[in-house]
Amino acid sequence: MPLLQINNLNVRFGDASAVPVVDGLDLSVDAGEILAIVGESGSGKSVTMMALMGLIDAPGRISADAMTFNGLDMLSLSRRQRRKVVGKDIAMIFQDPMTALNPSYTVGYQIEEVLHQHLGLKGRAARQRALELLQKVEIPAAESRLDAYPHQLSGGMSQRVAIAMAIAGEPRLLIADEPTTALDVTIQAQIMELLVNLQQAHDMALILITHDLAVVAETARKVCVMYAGQAVELGQVPTLFEHPAHPYSEALLAAIPEHSLGAERLATLPGIVPGRYDRPQGCLLSPRCPYVQDHCRAQRPALEAQAHSLVRCFYPLNQEVA
Amino acid sequence: MLSFIARRLGLLIPTFFGITLLTFALIRLIPGDPVEVMMGERRLDPELHAQAMERLGLNKPLPAQYLDYIGKLAQGDLGESLRSRESVWSEFTTLFPATVELAFAALLFAGIVGLLAGVIAALKRGSLFDHGVMGISLAGYSMPIFWWGLILIMFFSVSLGWTPVSGRNGVLFDVEPVTGFMLIDTLLSGEDGAFLDAVQHLILPAIVLGTIPLAVIARMTRSSMLEVLREDYIRTARAKGLSPARVVFIHGLRNALIPVLTVFGLQIGALLAGAVLTETIFSWPGIGKWLIEAIGARDYPVVQNGILLIACLVILVNFVVDILYGLANPRIRHQR
């Protein structure tokens with residue numbers, strides 16, 4: 001049984017007539033596995049994870065056929081029961097580390113808070129453990145950083161603190177929501193390396209939400225490409241990169257600057273993700289798809305198994321089997 | 001931090017002179033002089049009037065009077081009341097605890113109720129409670145104190161008879177003024193019911209005086225809290241699996257308090273101004289009532305130095321608030 005299993009997840013803001021932000025999403029993650037979720041802004045990547053963490057507030061509404069984590073039905077848990085899991089067995093780090101830490105409390109306090117909440121550690125024991133966690137995320141002079149305030153830390157350092165906070169409860173699943181987007185390029189690689197090292201050392205599952213396909217290629221085993229709230233392609237990592245079946249996956253890969261070396265302009269997919277009022281009747285990509293057919297405009301495809309991956313497209317690309 | 005304190009102290013000197021000049025000028029702009037007022041309707045022999053004015057040193061040209069005044073101040077002499085012949089300082093220190101007691105009770109009331117109302121309104125944004133609190137606080141802010149005080153007296157004291165109409169303590173009790181704070185003195189006196197009686201006397205004036213700060217604090221807390229609850233670190237706190245109470249009070253309110261604290265400090269000035277009216281309505285024997293009477297009697301030394309003392313106090317309180325602000329906000333504390 002997978003560690004995390006999500007079937008037909010829908011998230012709407014408003015009543016049942018509102019356009020879903022996440023639309024019939026299926027996702028599964030095995031223990032110790034790295035899953036990457038890619039897709040442009042507004043494709044519902046973060047909202048999916050917020051739904052899992054129970055961080056969606058009214059008027060947001062969640063429905064799903066199943067959402068199980070570690071054998072627990074996350075949908076039927078009470079808020080109190082869910083809080084015992086969230087922050088401990090499932091932890092999350094966010095995009096902008098400079099605003100993700102509370103400016104009024106020291107780094108040590110914010111880590112010890114998790115230790116107290118989920119492990120019942122207090123006083124000296126909590127402080128000792130917080131120090132170990134800071135060392136584990138490779139913060140230099142960790143001892144002196146315990147009493148530092150977030151504004152005294154750099155972005156990369158803050159993200160390390162956020163990671164220390166997230167792994168404090170020894171989670172089975174760590175969700176990293178664009179963990180390096182707000183950081184300098186030189187720091188990005190260090191943080192990714194740290195995350196992967198921690199993932200291997202603790203045999204955690206890692207869901208990595210990112211725009212950076214190079215990072216996906218290096219780290220993840222499975223990748224889910226999302227577009228306008230739907231998973232459009234779900235596949236194994238080298239395969240999907242070599243044989244992208246969905247036109248959107250292909251466009252994402254083509255948009256990597258390295259693929260446009262020597263060209264005047266970078267490859268792009270014209271247009272934007274459809275919004276609330278211009279949602280097409282057929283395939284959600286149909287207004288932007290270079291391969292669009294009449295059939296695509298009339299009907300919406302389902303996610304189906306193709307030669308190399310699960311694909312939501314009537315006319316998948318690269319289907320020749322080597 | 002030290003240079004911060006030094007800079008703030010440096011600003012006090014011009015402020016101090018500004019206040020002396022203003023009070024000196026303003027009280028002399030009011031028609032009539034102390035001798036005229038003292039004699040009232042009776043006709044006064046101009047010669048006697050001139051003699052009295054000369055004795056008080058009020059016949060000199062204004063710049064000379066001002067220099068006399070500043071010269072005395074420089075020696076720490078606040079002068080004496082023209083009416084009672086008591087030194088201004090001793091009158092002030094006798095009456096001041098009453099005002100502090102009233103102001104403190106008002107702030108406590110405004111702070112506790114205002115913070116709670118503001119936090120709940122922010123959490124239940126758009127609800128009936130939210131609109132209710134915001135509507136009432138707008139009304140409270142616009143309320144003329146003297147009218148509001150009289151309405152409360154009519155309702156609670158006269159119609160319902162729940163609280164006394166005026167004063168600090170019932171005549172039945174003989175309370176030794178040890179500290180000057182009635183709540184403490186009544187406890188020390190050991191007389192049965194004296195403490196409760198003092199509390200009853202305090203409730204209405206405290207509510208009247210606390211109404212405007214309450215409205216300001218509630219509105220400020222609400223808007224500050226709404227802003228803070230949208231912050232990323234609140235999401236982080238929730239993602240840690242913390243209880244809603246911990247998220248709201250430890251992570252939210254702590255940060256939302258920073259701007260509220262500033263407003264709180266500014267309210268202390270407004271509070272002392274409000275105390276003048278409130279004390280007059282409730283015959284509360286504090287410095288507000290003392291000043292009103294001094295103005296009526298053109299008691300120049302009392303008015304000048306009483307206001308000067310209050311102004312120094314407001315400056316001091318704001319100074320303390322600035323330092324507290326630094327304590328509440330680590331980002332300010334570490335600025336050099």
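User: Two residues are in contact if their C-beta atoms, placed from the backbone, lie within 7 Å. With that in hand, how many residues does each chain put into the contact?
Analyst: First, a caution: this is a predicted model. Chain B puts in 17 residues and chain A puts in 23 residues.

User: Which elements of chain B give two or more residues to the side that touches chain A?
Analyst: They are α10 (232-239), α11 and α14 (330-333) of chain B. α10(B) gives the most, with seven residues.

User: And what classes of residue sit on that side?
Analyst: On the side of chain B that touches chain A, seven residues are charged, five are polar and five are nonpolar.

User: Switching to chain B by itself. What domains does it have?
Analyst: The domain assignment gives domain 1 (2-74) and domain 2 (88-333). Their centres, taken over C-alpha atoms, are 31 Å apart.

User: How many residues does each domain of chain B give to the contact?
Analyst: Domain 1 of chain B gives 14 residues, and domain 2 of chain B gives 12 residues. On the domain 1 side, α1 (2-29) and α2 (34-39) of chain B each give two or more. α1(B) gives the most there, with eight residues.

User: What is that domain 1 side made of, by class?
Analyst: It has eight nonpolar, four polar and two charged residues.

User: Now helix α12 of chain B. Which of its residues are buried?
Analyst: α12(B) covers residues 287-296. Its buried residues are I287(B), G288(B), K289(B), W290(B), L291(B) and A294(B).

User: What do the buried residues of α12(B) pack against?
Analyst: Against α5 (88-123), α11 (244-281) and α13 (300-328) of chain B.

User: Take α5(B) and α12(B). At what angle do they pack?
Analyst: The angle is about 130°, and the axes are 8 Å apart. An angle over 145 degrees would count as roughly antiparallel, and 65 to 115 as roughly perpendicular. The angle of about 130° fits neither range, so α5(B) and α12(B) are oblique to each other.

User: Which residues meet there?
Analyst: From α5(B), E91(B), F92(B), L95(B), F96(B) and T99(B). From α12(B), I287(B), G288(B) and W290(B). By class, the contact of α5(B) with α12(B) has five nonpolar, two polar and one charged.

User: What follows α12(B)?
Analyst: R298(B) follows α12(B), and its phi is positive, near 50°.

User: Back to α11(B). How does α7(B) cross it, left-handed or right-handed?
Analyst: Right-handed. The axes of α7(B), residues 145-159, and α11(B) come within 9 Å and cross at roughly 35°. From α7(B), the contact uses I145(B), F146(B), G149(B) and L150(B). From α11(B), it uses G274(B), L277(B), T278(B) and I281(B). Five of these residues are nonpolar, three are polar and none are charged.

User: Last topic: chain A. Where is H246(A)?
Analyst: H246(A) is in the loop between α10 (237-242) and α11 (247-254) of chain A.

User: Is H246(A) buried or exposed, and why?
Analyst: Buried, because H246(A) has 30 C-beta neighbours inside 10 Å. The cut-off for buried is 20 or more.

User: What does H246(A) touch, leaving out residues up to four places away in sequence?
Analyst: It touches V225(A), V232(A), E233(A), V311(A), R312(A), C313(A) and P316(A).

User: And how far is H246(A) from L310(A)?
Analyst: Their C-alpha atoms are 9.3 Å apart. Along the chain, H246(A) and L310(A) are 64 residues apart.

Methods
Residues are numbered from 1 along each chain as its sequence is written. Chains are lettered from A and ligands numbered from 1 in the order in which they are written. This is a predicted model: local features need pLDDT of at least 70, side-chain atom pairs count only at pLDDT 80 or more; totals for chains, interfaces and linings use all residues. A residue is buried if 20 or more other C-beta atoms lie within 10 Å of its own, exposed if 12 or fewer, and partly exposed in between; C-beta atoms are placed from the backbone. Helices (H or I, at least four residues) and strands (E, at least two) are DSSP runs, numbered from the N terminus. Ala, Val, Leu, Ile, Met, Phe, Trp, Tyr, Cys and Pro count as nonpolar, Asp, Glu, Lys and Arg as charged, and the others, Gly among them, as polar. Domain bounds come from an automatic or database domain assignment. Axes are lines fitted to C-alpha atoms, for helices over the stretch in contact, and angles run from 0 to 180 degrees between N-to-C directions. Angles under 35 degrees count as roughly parallel, over 145 as roughly antiparallel, 65 to 115 as roughly perpendicular and the rest as oblique. A crossing is left-handed if the near helix is turned anticlockwise from the far one by less than a right angle, and right-handed if clockwise.
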